[in-house]
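The following exercises concern a single protein chain. Each one sets a task and then works through the solution step by step.

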Amino acid sequence: MKLYNFFRSGTSHRLRIALNLKGIEYDYVPVDLRTGVHLGAAFKAINPQQLVPALVDGGLTLTQSPAIIEWLEERYPTPPLLPAAPDERARVRALAAIVGCDIHPINNRRILEYLRKSFACDEAAIEAWCATWIGAGFEALEALLAADRRRRGFCFGEAPSLADVYLVPQVESARRFKVDLSPYPNIVAVDRACAELETFRRAEPARQPDAPAS
Ligand SMILES: N[C@@H](CCC(=O)N[C@@H](CS)C(=O)NCC(=O)O)C(=O)O
């Protein structure tokens, strides 16, 4: 498999975690969002939406990280990223959707570029924008995690699930936008528990081949 992705992209990060949890090897193909490689014809032929990630498996090209992760779950069911019971699956999917549907899309690079260019937002305004929407989602996530007495370390149950796959990259992005995480102790604890696993560590932005040398 070939993963077209960018070290600092949250959706790429979540896909790398899912691939690692499933134990799937892949070739890393960097797509530099800073230089606009994704807006060129070559990448447009892979993903007409001009967004990373894209996963190519032989003749199959997959786009949209939620669809790709569900495909992985269906093709490679072990270890599962979703619990077996429908009610529990709905809960895990809801936790993931707070990030995937309600936080990430409005803090994406192209949205921020639009705010900078069309509304003359400076970096302080951009940080305030991101902090507002990350805070709104994290407040709900924190309440849901705090209320779940059966959780052990991760977002649900005692093993990483789809919810952790989505949450960890969003925490990374929150730190990049200097969001104060102190109101979210359960989220921080989940992030710390995941960071102890090699599957999550190997997916970290700083450890990718296209990340700048530190
Ligand atoms: N819903 C899509 C969103 C993908 C997405 O927004 N990718 C971002 C990086 S995290 C991107 O390629 N942005 C390019 C841009 O904003 O120009 C998914 O989950 O795959």
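**Exercise 1.** Determine which residues Leu 167 contacts, leaving aside its neighbours within four places in sequence.

*Solution.* In this predicted model, contact requires heavy atoms within 4.5 Å. By this criterion Leu 167 is in contact with Val 99, Phe 138, Leu 141, Cys 155, Ile 187 and Val 190. The next step is to place Leu 167 in the nonpolar interior: the largest nonpolar core has 63 residues, and Phe 138 and Leu 167 touch the most other members. Helix H7 supplies eight residues to this core, which is the largest share.

**Exercise 2.** Establish whether helix H7 is enclosed by the rest of the structure or not, and compare its span with the expected value.

*Solution.* Begin with the length. H7 has 15 residues, which at 1.5 Å a residue should span 21 Å; the end C-alpha atoms are 22 Å apart, and this agrees. Next, consider burial, for which the relative accessible area must be under 20%. Twelve of the 15 residues of H7 meet this condition, and therefore the helix is largely enclosed by the rest of the structure. Among them are Leu 162, Tyr 166, Leu 167 and Pro 169. Then ask what surrounds them: the buried residues of H7 pack against H1, H3, H4, H6, H8 and helix H9 (198-201). Finally, look beyond the helix, where Lys 178 follows with a positive phi, near 60°.

**Exercise 3.** Carry out the corresponding analysis for helix H1 (residues 10-21).

*Solution.* The twelve residues of H1 reach 17 Å from the first C-alpha to the last, close to the 16 Å expected at 1.5 Å a residue. Twelve of the twelve are buried, so H1 is largely enclosed by the rest of the structure. The buried residues include His 13, Arg 14 and Arg 16, as well as Leu 15 and Ile 17. After the helix comes Gly 23, whose phi is positive, near 70°.

**Exercise 4.** Describe the largest pocket and identify the elements that line it.

*Solution.* The volume comes first: the largest pocket holds about 1100 Å³ of space. Of its 49 lining residues, Gly 10, Thr 11, His 104, Asn 108 and Arg 109 are the closest to the centre. The elements giving two or more residues to the lining are H1, helix H3 (65-75), helix H4 (86-103), helix H5 (109-119), H6 and H7. H7 contributes the largest share of this lining, with seven residues.

**Exercise 5.** Count the aromatic pairs and classify two of them.

*Solution.* Centres must lie within 6.5 Å for rings to pair, and planes over 60 degrees apart count as edge-to-face. The count comes to six aromatic pairs. For Trp 71 and Tyr 76, the ring centres are 6.3 Å apart and the planes stand at 70°, so this pair is edge-to-face. Trp 71, at 13% relative accessibility, counts as buried, whereas Tyr 76, at 27%, counts as partly exposed. For Phe 138 and Tyr 184, the centres are 5.6 Å apart and the planes stand at 80°, so this pair is also edge-to-face. Phe 138 lies in helix H6 (residues 123-147) and Tyr 184 in the loop between H7 and helix H8 (185-195), so the pair ties together parts that are 46 residues apart in sequence. Both Phe 138 and Tyr 184 are buried.

Definitions and conventions. Residues are numbered from 1 along each chain as its sequence is written. This is a predicted model: local features need pLDDT of at least 70, side-chain atom pairs count only at pLDDT 80 or more; totals for chains, interfaces and linings use all residues. Side-chain values use heavy atoms; hydrogens and water are left out. Rings of Phe, Tyr and Trp (its six-membered ring) pair if their centres lie within 6.5 Å; planes under 30 degrees apart count as stacked, over 60 as edge-to-face and the rest as tilted. Buried means under 20% relative accessible area, exposed over 50%, partly exposed in between (1.4 Å probe, protein chains only). Helices (H or I, at least four residues) and strands (E, at least two) are DSSP runs, numbered from the N terminus. A nonpolar core is a set of buried Ala, Val, Leu, Ile, Met, Phe, Trp, Tyr and Cys residues joined through side-chain atoms within 4.5 Å. The expected span of a helix is 1.5 Å times one less than its number of residues. On a 1 Å grid over the protein atoms alone, a cavity is a set of points where a 1.4 Å probe fits but cannot get out, and a pocket is an open set with protein on both sides within 12 Å along at least five of seven lines; lining residues have an atom within 4 Å of a point. Grid points are joined across faces, edges and corners, and a volume is the space filled by probe spheres set on the points.
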